[in-house]
Amino acid sequence: MVHKFNRQFLFILEFIFFILIFTFTAQAQVSPKEMLEKADEARGSYEGVEVTVTMESNELGRKQYRVMKVSEKGYNCFLDTLAPSNVKGQRILMRDRNLWYANPGLSKPVPVSPRQKLIGVAVNGDIVSTNYTRDYKIVSTQDSILKGEDCILMNLEAVDKRTTYDRIKYWISKDRLVGVKGEFYTVSGKMFKSATFEYNNKITINGKPRDFISKAIITSAIIKDDFTIIDYSKPVQKKIPDALFNVNLLTK
Amino acid sequence: MKKNLYKNITSMACIVMALLFAIANSTDASESLQDGTNRNQHIIASNITQQEETSGYESSTLAEEISKELFSGKENTEILMPENENKKSWQKLENYFSADLRILAYGVAQNPAESNRNPNNDFLEIPHYVTNTEIRPDFYFNSNYLDLSVKPRSTFQYNIWKEGMRDGDTDWNDDWYVNEWIARVKAWNKLFLSYGRENLQWGPSFLYSPSNPFFSDNGRSNNYMEVQGMDFARILFVPHLNWSISLIVNTDEGRNSLPNSEPFEKIYALKVDYTGINGYASLIYSRKDSSQSNKIGFFGGWTASDALLLYTESSVQNGSDAWYPVTDSSLFGASLQQVHQDDDDVTPTILVGGAYTFLNSGTLTLEYLYNGPGYDRDAANLTFSTLKKAADAYYSLMKSAESDSEKDELADSLQEYLSSQNTDPGLRFLRRNYAMLQYYQVNIRNRLAITLRWTQNIDDGSGQFFGLFSYQLGDHWDLFGSGIINAGNKNTEYGSILDYQGMLGLKLSL
């Protein structure tokens, strides 16, 4: 009887241990939502970052470029166009989901939608701070290998109609926790553009160094030869004042 | 017994292995993964970036070259980095200055409407051809605590007349002025005090901005024509990301001209702005100094979806400062007078609008305007009947003139008489109900931008078509043009001044 009691006791102890171990390991794994949050951080810092963005687009054989200084903080973004000369001084201000466009020739800032074209295949919503964690819900995930890198493929659906895309397929590197590829779909389910991302810049988030986006290549799915290359260089982490995102100070 | 001991040892071994595995995974997953990479770790303060070729496309060498050229030798002086502290003060100061230069050269061809408002083109003397060259340099000084800017302008205009008594006349004008300038002190990046000459505009509307008590022209009708600046003192307080408060005093009319040469009155305004997640709103209270008339303005916008914007802009005031026709004993039986200034009746002006952006980035905008101070049917009829009497009298006199010199004298007398009369109603829109439909699209084939607009005066049935295009010829040159076609009989708002106008020009940006 003592022998039988010992066996039962050992069995209960083992059971308790396995429950505890399961809990620990579950907490230690990064959830898909956390991975998406990390991937968002790598494309726009919530603390405040200033970066130089150079865009080159090729649309039906015609090339166009832009050089812009971009200041981002949280859900806010300010773009100031520096080159070429005939578009110098054009500005875009994003305050959460509100966008304004200002031009030296315009008397006042014009409210514009995220769908408005910026240059080439890129729209305003591609450049300003992306926040997939807030704007999209994760419908499903699956493991995937992309260019030899172990990734998780997330199927994202827009939480409401204010987002730029209705549905996104998003590949996030399991190793680096950055988004490496995206496919963007319309309401009808048709893919109309895709993008790949590189992260050769570094910034510091919560005291820890993190990869930060260095290049995005956006390709039209409708006209395969149309693409826009966006280079992000000289990222600088800094305290950005709230007044920079005030529309009263947008026009020069 | 041996069998039981073996089972117990196996169980304990499983437990120990499981524990070891749990400990290994309990540390932060990303940290452990990051440490496992072979990448070099550089802290951002060194501003070092690495470029690796991993995509199928070549590096954008043009973009990189341009970026390098623009930023060569320029460090970010906002951050105190060891290498910046060694720079000379004048080198740091150089970074605060910037300048733009735009030169516009354009020609205009327009046909004055044959109407009672401008018989024989001798009332308004509209030139048939105009060539204009404008030099628009902008100079800026932007530092952490002080912003300065000045926008001097010079214009060279040549006019040719083809209608009326001035047929065959030519005229050459040049004008040199400062259209805008500003000095702004920034305190803690929350308080901004400024004084200067500005084209101070706000609001989401295209057609008209009724919430703005200073400017009747919001500059949206033609982006290439600058609105003349007025002098303002401003205090802007930004206590929070979502809120801002402005105190504004319009101290002088500056380059702007007031209707009927009425004396300038200071206007004081308090403006409160709020920006939320999906929308924004502003409230403006303004008061004229000497007449003490009050006006409350409002505008707001809502991002309904990624493609649809909805907005409104409005104002209410006691009475109206506009000039209305009044039957009296003057030469033609009526004259323009400010008869509603002291009314207690509340006069609203309300605009509602929406803009939808298609997948091709083209945007369709629809606006409706109710212009409360505008003329009703009786006032409009009295205005045009008085103008008809004046026009008939003028034609009769011209017919009876025996020589060209006598006709010239009559035309000069008419101009002299008109300059002593109030001829400007002081209204941006003459009547009360308007609608506007507009389509615009930018970056077509990376070169072209177009705007097409139809404005309808619902009250008198007249309308105006406006088209604008700009085409990039390179990094510095733009070809631009616009066209206006007015529809309506000679006793309507749009049918009474111009039949059509076309403009074509080149813009150089440096």
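**Exercise 1.** With which side chain does the side chain of Glu313(B) make a polar contact?

*Solution.* The structure is a predicted model, in which local features need pLDDT of at least 70, side-chain atom pairs count only at pLDDT 80 or more, and totals for chains, interfaces and linings use all residues. Residues are numbered from 1 along each chain as its sequence is written, chains are lettered from A and ligands numbered from 1 in the order in which they are written, and side-chain values use heavy atoms, with hydrogens and water left out.

Step 1. Locate the residue: Glu313(B) belongs to strand β11 (residues 308-318) of chain B. Helices (H or I, at least four residues) and strands (E, at least two) are DSSP runs, numbered from the N terminus.

Step 2. Assess its exposure: Glu313(B) has a relative accessible area of 0% and is therefore buried. Buried means under 20% relative accessible area, exposed over 50%, and partly exposed in between (1.4 Å probe, protein chains only).

Step 3. Identify the partner: the side chain of Ser211(B) makes a polar contact with that of Glu313(B), at 2.7 Å. A polar contact is a pair of N or O atoms within 3.5 Å; within protein, one must be able to donate a hydrogen and the other to accept it, and residues adjacent in sequence count only if both atoms are side-chain atoms.

**Exercise 2.** Determine the surroundings of the side chain of Glu367(B), including any salt bridge.

*Solution.* Step 1. Glu367(B) is part of strand β15 (residues 363-371) of chain B.

Step 2. Glu367(B) is buried but has no salt bridge. A salt bridge is a side-chain nitrogen of Lys or Arg within 4 Å of a carboxyl oxygen of Asp or Glu. The nearest side chain of opposite charge belongs to Arg220(B), 6.7 Å away; Lys and Arg count as positive and Asp and Glu as negative, while His and the chain ends are not counted.

Step 3. Backbone partners are present: the side chain of Glu367(B) reaches the backbone nitrogen of Phe206(B) at 2.8 Å, and a polar atom of this side chain lies 2.9 Å from the backbone nitrogen of Leu207(B).

Step 4. Not counting residues up to four places away in sequence, Glu367(B) touches, among others, Ser205(B), Tyr311(B), Val352(B) and Tyr434(B). Contact means heavy atoms within 4.5 Å.

**Exercise 3.** Describe helix α6(B), its N-terminal cap and its buried residues.

*Solution.* Step 1. Helix α6 of chain B covers residues 377-400, which is 24 residues. From its first C-alpha to its last, the helix reaches 34 Å, close to the 34 Å expected at 1.5 Å a residue; the expected span is 1.5 Å times one less than the number of residues.

Step 2. The N-terminal end of α6(B) is capped by Asp376(B), with a side-chain oxygen 3.3 Å from the backbone nitrogen of Asp378(B).

Step 3. The buried residues of α6(B) include Ala379(B), Phe384(B), Ala391(B), Tyr394(B) and Met398(B).

**Exercise 4.** Where do Asn121(B) and Asn222(B) lie, and are they buried or exposed?

*Solution.* Step 1. Asn121(B) lies in the loop between β1 (97-112) and β2 of chain B. With a relative accessible area of 4%, Asn121(B) is buried. Its phi is near 60°, a positive value in a residue other than glycine.

Step 2. Asn222(B) occupies the loop between β5 (191-198) and β6 (230-240) of chain B. This residue counts as buried because its relative accessibility is 10%.

Step 3. The side chain of Asn222(B) reaches the backbone nitrogen of Tyr224(B) at 3.0 Å. Leaving aside neighbours within four places in sequence, Asn222(B) is in contact with Phe466(B), Leu468(B), Ser482(B) and Met503(B).

**Exercise 5.** Characterise chain A as a whole, then its backbone at Pro84(A) and Lys234(A).

*Solution.* Step 1. Chain A has four helices and 17 strands, and 64% of its 252 residues are buried.

Step 2. The accessible surface of chain A is about 10,000 Å², with 57% belonging to carbon and sulfur atoms. Accessible areas come from the Shrake-Rupley method with a 1.4 Å probe; for residues, only the protein chains shown count as cover.

Step 3. The peptide bond from Ala83(A) to Pro84(A) is cis, with omega near 0°. Pro84(A) sits in the loop between β3 (76-83) and β4 (91-95) of chain A.

Step 4. Lys234(A), in strand β17 (residues 227-237) of chain A, has phi near 50°, a positive value in a residue other than glycine. At 38% relative accessibility, Lys234(A) is partly exposed.
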